[in-house]
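Welcome! Take a moment to turn the structure around, and then let us walk through it together.

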Amino acid sequence: IILDSASVEILFAIGQGDKIVGTHSFVTHPEQAKQIPKVGDAFSINLEKIIEQEPDLVYIFFDKFAEDLNKTQLKVLYIKTLENNFSNISNQILMWGKITGDKDSAIKLSEKFNNQIENIKSKIDYQAKSPKIFIDTTDLWTNGPNTLMGEVLELLNLSNIAHDISGYAQLNPEIIIDRNPDFIITPNPNTFKNNPAFKEISAVKNNKIFTLPSDALSVPGPRFTDGINELASLIYPEW
């Protein structure tokens, strides 16, 4: 049982997706994962359904359900969410290789992931001035530097205007206006385009408000580097 989208994606990527007998309802990738029985979501789990699947292992990445699961006779693996270190994604891949017994496939995927990160680094001019960026997850909620997205922005030599928050927080519109981002990434561009208060922001004036084409950056798995490239291509025309 895998209650984590990233681990589901990793297992399919190393050819072990058929081992998954249950997951949560927010899994979107790959397409085959939609056929796996759903035994919970971010807010609740169906313990009875989990036990029915007779899993050898239940994997969780945050401790909300740990207490309930530990009351059963099931083997539970809890590893805290990666939070702010996407370099650990390659270690997660290797871990699943060990657990499933397919170390070779995991090593290949891990090496591919690390090479993709190095390739991205090689394309960035870290001496150049950092463009200012605001990541709006929705309703002006954003990511601080000590998050996965914060680390991505650093990798891409982008200056996060939410540099002084920890974790996730909702920014006051006045702060966004004052810090004047060059780029805005948001699922709702009209939040900024249709609000007269934002009209003097550089990103609005220069039409540099973008929506990421996929959810790859929100799932710290094998597609994460695709998400980094998607973001980079919106910022750097030559990408």
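A good place to start is the set of elements that covers the buried residues of helix H6, which includes helix H5, strand E6, strand E7 (141–143), strand E8 and helix H10. Keep in mind that this is a predicted model. Helix H6 itself spans residues 148–155, and seven of its eight residues are buried, so the helix is largely enclosed by the rest of the structure. The buried ones are Leu148, Met149, Gly150, Glu151, Val152, Leu153 and Leu155. Just after H6 you will meet asparagine 157, with a positive phi of about 55°.

Two of the strands that help cover H6, E6 and E8, also lead us to the sheet. Here four strands make an open sheet with parallel pairing, and their order is E8-E6-E10-E11. At its edges are strand E8 (159–160) and strand E11 (209–210), each of which pairs on one side only. Look next at strand E10 (residues 183–185), which runs parallel to E11 and is joined to it by two bridges. Isoleucine 184 has isoleucine 209 in E11 as its bridge partner. Across strand E6 (132–135), E10 and E11 lies helix H10 (residues 224–235), running at about 145° to E10.

H10 also takes us to another helix, H4, since it is among the elements that the buried residues of H4 pack against. The others are strand E1 (2–3), helix H1 (5–13), strand E4 (58–60), strand E5 (76–78) and helix H5 (103–122). Helix H4 has twelve residues, 89–100, and reaches 17 Å from its first C-alpha to its last, close to the expected 16 Å. Its buried residues are Ile89, Ser90, Gln92, Ile93, Met95, Trp96, Gly97 and Thr100. Just after H4 comes glycine 101, with a positive phi of about 85°.

Finally, let us visit the loops. In the one between strand E2 (23–24) and strand E3 (38–40) you will find proline 30, which a cis peptide bond joins to histidine 29, with omega at about -10°. Glutamate 54 sits in the loop between helix H2 (47–52) and E4, and has a positive phi of about 50° although it is not a glycine. Is glutamate 54 buried or exposed? Glutamate 54 is exposed, as its relative accessible area is 67%. Leucine 140, in the loop between E6 and E7, has a positive phi too, near 70°. Leucine 140, however, is buried, with a relative accessible area of 11%.

How values were computed:
Residues numbered from 1 in each chain as written. Predicted model: local features only at pLDDT ≥ 70, side-chain atom pairs only at ≥ 80, totals over all residues. Heavy atoms only, no water. Pairing = 2+ DSSP bridges. Contact = heavy atoms within 4.5 Å. Axes fitted to C-alpha atoms, helices over the stretch in contact; angles between N-to-C directions. Expected span 1.5 Å × (residues − 1). Buried < 20%, exposed > 50% of the residue type's maximum accessible area, 1.4 Å probe, protein only.
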